[in-house]
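Thanks for making the time. I will put the model up and then go through a few sites.

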Amino acid sequence: MDIIDTHSHGLSKNQKWVIASTSSGFALENMDVLFLSFAMSSMIADLHLSGGAAGLISSITNLGMLFGGICFGILGDKIGRVKTFSHTVLIFAIATALMAFANNIYEIYALRFLAGIGAGGEYGVGIALIAENFKSHQIGKMTSIAAVGGQIGAIIAALVAAWIIPHLGWHMLFLVGIVPVVLTVFIRKHLHESDQFLAAKNNEKGSLLTDVVKKMFSTPRLALQSLGLMVMMTVQIAGYFGLMNWLPTIVQKQLNLNVSSSSLWMIATIIGMSVGMMTFGSIFDYFGPRRAFAIFLIGSAVMVYVLALAQNMASLLVIGAVMGFFSNGMFGGYGAVISRLYPTEIRSSANNIIVNVGRAIGGFSSVVIGILMDHYSLTVVMGFLSALYIISFVVMISLPGLKRLTVKHYKH
């Protein structure tokens with residue numbers, strides 16, 4: 001399978017299927033995650049859950065993502081991207097659908113851990129598929145397009161939940177999770193492994209797990225690079241979950257605004273995120289990753305703090321959209337960077353390990369922000385998030401691997 005230049009000839013049939021499949025997979029994964037958010041209040045009331053028990057559901061999901069990310073990342077490098085990608089989609093689809101029959105917290109914990117395993121394994125394998133089917137100077141844009149799929153999934157989840165929960169209850173919402181099973185059929189039928197992956201498999205020697213450790217942590221330089229990317233990913237996830245989970249509450253309590261239309265804010269922010277992703281991908285491919293991340297990390301630090309200045313719904317919508325543009329616009333860039341810094345034979349493993357460590361740690365930002373809100377002002381809370389983006393910026397400019405990924409390297 002030849003990788004063609006999308007600028008001059010358009011996308012090949014296989015490239016179209018790669019983008020369609022990964023975008024759909026990320027959309028369905030995000031729907032699964034947001035179904036839990038929208039159903040949480042109904043689940044608490046129906047099953048008489050304590051706040052701690054309910055909060056643990058998300059933490060267990062994130063731990064499942066870390067476990068699944070490591071296992072399926074290695075499996076993707078071992079047996080192939082296409083088979084593994086379809087397996088991960090199937091697992092989180094079935095686990096989500098089975099939530100429709102869960103009637104106690106322990107069943108929910110088990111199913112959310114299983115869903116996390118599938119969702120956590122999907123990201124790195126999907127990014128590896130993109131990296132191996134497009135030229136280096138196109139990966140930033142293509143991974144961003146796939147990431148936009150996740151935002152479309154968020155909007156669909158909001159619309160579906162708004163209709164199903166009031167009429168049919170939260171159990172039926174999760175039954176929609178069976179839909180991704182259809183995607184696995186198309187993936188197995190239309191996608192095939194890249195020549196790049198097949199060549200790497202033919203040259204494989206020794207244990208893959210040993211290879212992963214060696215090529216990610218064996219030297220101080222590699223260890224610094226891998227740990228630095230984990231820190232950046234942790235900040236990315238912390239900012240996203242912290243803002244999306246807490247902002248409506250922050251606005252209601254601190255700014256005395258009517259947030260009955262919080263869904264409107266969510267949609268404005270998601271649109272901002274999607275536009276940011278497409279813009280980031282173009283900047284990434286044209287100017288290189290260091291400049292792209294620098295612009296968006298500094299923009300995030302500024303806009304998160306500016307958010308505290310919102311005084312009415314109109315200003316909140318505008319600032320929220322611009323904040324979403326910067327804060328989540330760079331999400332697709334992490335997969336593009338990791339795919340260029342680590343070799344083909346460990347590509348899905350590296351992506352999943354780095355991203356899911358970030359998810360597991362960054363996911364606790366909601367707890368930290370909740371504690372800060374109990375004791376400090378809104379300005380302090382936003383200042384905390386702003387400081388995180390500055391830390392990520394400092395880490396980013398210190399990573400030796402990013403210095404090598406110049407514009408010249410990407411375009412040739």
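T61 is buried, because its relative accessible area is 5%, and the cut-off for buried is under 20%. This is a predicted model, so please take each value as computed from predicted coordinates. T61 is found in helix α3. Leaving aside residues up to four places away in sequence, T61 touches L36, R112 and G116. There is also a long-range pair to point out: T61 and G363 are 302 residues apart in sequence, and their C-alpha atoms are 9.9 Å apart in space.

Staying on α3, we come to D77. The helix covers residues 51-79, and D77 has its place in it. Is D77 buried or exposed? With a relative accessible area of 2%, D77 is buried. Its side chain has two partners to mention. The first to look at is S348: the side chains of S348 and D77 make a polar contact at 3.0 Å. The other is R347, whose backbone nitrogen lies 3.4 Å from a polar atom of the D77 side chain.

Now the other side of that contact. S348 sits in helix α16, and S348 is buried, with a relative accessible area of 0%. Which residues does S348 touch, not counting those up to four places away in sequence? They are F72, G73, G76, D77, R81, G124, V125 and A128.

The helix itself, α16, runs over residues 347-362. At 1.5 Å a residue, its 16 residues should span 22 Å, and the end C-alpha atoms are 22 Å apart, so the expected span and the model agree. As for cover, 15 of the 16 residues of α16 are buried.

Next, M303. M303 has its place in helix α13, residues 289-306. M303 is buried, with a relative accessible area of 14%. Setting aside residues up to four places away in sequence, M303 touches I319, V322, M323 and F326. For one of these, V322, I have the separation: M303 and V322 are 19 residues apart in sequence and 7.2 Å apart in space, C-alpha to C-alpha.

On to internal space. Rolling a probe the size of a water molecule over the atoms shows where empty space is left. How many cavities of 30 Å³ or more does the count give? The count comes to 3. The largest cavity has a volume of about 70 Å³. It is lined by L28, M31, D32, F35, F92, T96, V176, G177, V179 and P180. Two helices, α2 (13-47) and α4 (81-98), each supply at least two residues of that lining. The largest share, 4 residues, comes from α2. By type, the lining divides into 7 nonpolar residues, 2 polar and 1 charged.

Last, the chain as a whole. The secondary structure comes to 20 helices and 0 strands. Of the 412 residues, 58% count as buried. Among contacts between residues at least 6 apart in sequence, 83% join residues at least 24 apart. The T61 and G363 pair, 302 residues apart in sequence, is the long-range example I opened with.

If you want one site to look at on the screen, take the side-chain contact between S348 and D77, at 3.0 Å. Both ends are buried: S348 has a relative accessible area of 0%, and D77 has 2%.

Terms used. Residues numbered from 1 in each chain as written. Predicted model: local features only at pLDDT ≥ 70, side-chain atom pairs only at ≥ 80, totals over all residues. Heavy atoms only, no water. Expected span 1.5 Å × (residues − 1). Buried < 20%, exposed > 50% of the residue type's maximum accessible area, 1.4 Å probe, protein only. 1 Å grid on protein atoms, 1.4 Å probe; cavity = no way out; pocket = protein on both sides within 12 Å on 5 of 7 lines; lining within 4 Å. Points joined across faces, edges and corners; volume = space filled by probe spheres on them. Nonpolar A, V, L, I, M, F, W, Y, C, P; charged D, E, K, R; others polar. Contact = heavy atoms within 4.5 Å. Polar contact = N/O pair within 3.5 Å; in protein donor to acceptor, adjacent residues only side chain to side chain.
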